[in-house]
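Subject: A structure for you to look at

Hi there,

Here is the structure I promised to pass on to you. Have a look at it first, and then read my notes below.

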Amino acid sequence: HGVFMKKVEGRSIWPKFSRAKDIQIELSERYNVKLLDFDTAVIFFIAGHFKVTINKIHKTKYFRKYGLSTVKRSVHKLIDAGMLTVSADPLDKRKKILDLGWED
């Protein structure tokens with residue numbers, strides 16, 4: 001058996017993992033929507049990246065194992081809940097840029 005994670009890594013990851021779950025619960029309550037772990041991952045990805053599109057999400061290693069329709073379903077759920085906004089890319093109007101639906 002190979003060692004996948006050392007205890008020291010677990011200790012450094014746990015506070016972030018725990019905080020992510022707290023944020024998921026807070027957002028679920030604030031927007032009155034049941035957020036799945038997948039939805040929360042989409043939110044964190046969008047929060048941490050620039051000029052995010054549905055295809056950019058899907059092509060990322062973390063999301064690649066999920067179907068494009070799963071990504072689309074999550075994004076539309078978050079848009080409908082008011083958690084995400086959509087705007088046209090100024091350089092390519094066909095691209096729809098996703099962003100958080102609240103101020104930083």
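Let's begin with one residue, Asp89. Apart from neighbours within four places in sequence, Asp89 is in contact with Lys51, Lys95 and Ile97. Please keep in mind that this is a predicted model.

Where does Asp89 sit along the chain? You will find Asp89 in the loop that links β1 (84-88) to β2 (96-100). And is Asp89 buried or exposed? Its relative accessibility is 5%, and because buried means under 20%, Asp89 counts as buried.

Now for the chain around this residue. The protein chain has 4 helices and 2 strands, and reading along the sequence gives the pattern α-α-α-α-β-β. Taken along the principal axes, its C-alpha atoms fill a box of roughly 50 × 30 × 25 Å.

How much of the chain is buried? Of the 104 residues in the protein chain, 27% are buried. Among contacts with a separation of 6 or more, 41% are between residues 24 or more positions apart.

The surface and the charges come last. The accessible surface of the protein chain is about 7800 Å², and carbon and sulfur atoms account for 58% of that. As for charges, the protein chain carries 21 positive and 12 negative side chains, with the centres of the two sets 9 Å apart.

If you open the model, try finding Asp89 in its loop between β1 and β2, then look for Lys51, Lys95 and Ile97, which are in contact with Asp89.

Best wishes, and enjoy exploring!

Conventions: Residues numbered from 1 in each chain as written. Predicted model: local features only at pLDDT ≥ 70, side-chain atom pairs only at ≥ 80, totals over all residues. Heavy atoms only, no water. Buried < 20%, exposed > 50% of the residue type's maximum accessible area, 1.4 Å probe, protein only. Contact = heavy atoms within 4.5 Å. Areas by Shrake-Rupley, 256 points an atom, 1.4 Å probe, with all protein chains shown as cover. Lys, Arg positive; Asp, Glu negative; His and termini not counted. Charge placed at Lys NZ, Arg CZ, Asp CG, Glu CD.
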